[in-house]
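Here is a set of questions and answers on how certain structural terms are justified. Each answer sets a computed value beside the criterion that it has to meet.

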Amino acid sequence: MTSSFALACFLALGMRPCDAGRTAAQDVLQATDNGNRCLRKIEFQAGTVVTKRCIHVRTCAPMYTKMKKAGYIQCHNSSLCPVGCSQADRHDHCFARAVKSDAFCMLKDGFAQLTHPPNSANLLQSTDGTLFTYSDDCKYEEFGFNIIKHMGGKGCRKGHGDAEPVSDFSEIER
């Protein structure tokens, strides 16, 4: 029993032997990612707003797929969309074309300053109103065989084209 526990502990901790003084909290803290996030700045284009209506998930799913393939992003609420979004009720969905920046790696402190606008999914907003969305076009941490760290997720290390991580929104190319 002891040898199987030691082997499991050895594998789970990334090929390091188990230490009697090690606590679960220390391992959990080490298992979390670096806190950096890969983002893209987005700007909705004026005059490209399309309002679609759907009532049920089965009819909405193909609509979302079709709009995404056509290059539209859901702007989620009329305050985020360019002029032309008319949402009478929760069944109306506004979409608009958007220009996306190259992906960049935002350091943990900068990411903490972002908020989710009301009634939005996958959109983030800075204090000056700039919108961002998540991206996966960055280089991420590598953990090798450390299973616990893989479960905690990966933070980015570099942005698009090996760009260094940024900590301030003024560093993002416009």
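**Helix, disulfides, strands and cores**

Q: How do you know that the end-to-end span of helix H3 (residues 57-69) agrees with what is expected?
A: In this predicted model, the 13 residues of H3, taken at 1.5 Å a residue, should span 18 Å, and the end C-alpha atoms of the helix are 18 Å apart, so the two values agree. The expected value is 1.5 Å times one less than the number of residues.

Q: What makes the buried residues of H3 line one face of the helix?
A: Cys60, Met63 and Met67 are buried in H3, and, seen down the helix axis, the buried residues fall within an arc of 65 degrees, so they line one face. The face turned away from this buried side carries the exposed residues Arg58, Lys66, Lys68 and Lys69. The buried residues of H3 pack against strand E2 (50-53), strand E3 (72-74) and strand E4 (92-100), while Gly71, which follows the helix, has a positive phi near 90 degrees.

Q: Why is the pair Cys54 and Cys60 called a disulfide?
A: The sulfur atoms of Cys54 and Cys60 are 1.8 Å apart, and because a disulfide requires cysteine sulfur atoms within 2.5 Å, the pair qualifies as a disulfide. The torsion about its S-S bond is about 95 degrees, so this disulfide is right-handed.

Q: Why are Cys54 and Cys60 called buried?
A: Buried means under 20% relative accessible area; Cys54 has 5% and is therefore buried, and Cys60, with 11%, is likewise buried.

Q: How do you know that Cys38 and Cys138 form a disulfide, and which parts does the pair tie together?
A: The sulfur atoms of Cys38 and Cys138 are 2.1 Å apart, which satisfies the cut-off of 2.5 Å for a disulfide. Cys38 lies in strand E1 (residues 37-44) and Cys138 in the loop between strand E7 (131-134) and strand E8 (139-140), so the pair ties together parts that are 100 residues apart in sequence. Cys38 and Cys138 are both buried, and the torsion about their S-S bond is about 75 degrees, so this disulfide is right-handed.

Q: What makes the disulfide of Cys85 and Cys94 right-handed, and how many disulfides are counted in the model?
A: The torsion about the S-S bond of Cys85 and Cys94 is about 90 degrees, so the disulfide is right-handed; the sulfur atoms of this pair are 1.9 Å apart, and both cysteines are buried. The count for the model comes to five disulfides.

Q: Why are E1 and E7 said to pair?
A: Pairing requires at least two bridges, and four bridges join E1 to E7, which run antiparallel. Lys41 stands opposite Phe132 in E7, and Phe132 is also the bridge partner of Leu124. Strand E6 (residues 123-125) and E7 pair in the antiparallel sense over three bridges, and in their hairpin, with five residues between the strands, Gly129 takes a positive phi near 95 degrees.

Q: Which residues belong to the largest nonpolar core?
A: This core has 12 residues, including Ile42, Phe44, Leu80, Cys85, Cys94, Leu123 and Leu131, and E1 and E4 each supply at least two of its residues. Apart from it lies another core, of 10 residues, among them Leu39, Phe104, Met106 and Phe111.

Technical notes: Residues are numbered from 1 along each chain as its sequence is written. This is a predicted model: local features need pLDDT of at least 70, side-chain atom pairs count only at pLDDT 80 or more; totals for chains, interfaces and linings use all residues. Side-chain values use heavy atoms; hydrogens and water are left out. Buried means under 20% relative accessible area, exposed over 50%, partly exposed in between (1.4 Å probe, protein chains only). The arc is that of the directions from the helix axis to the C-beta atoms. Contact means heavy atoms within 4.5 Å. A nonpolar core is a set of buried Ala, Val, Leu, Ile, Met, Phe, Trp, Tyr and Cys residues joined through side-chain atoms within 4.5 Å.
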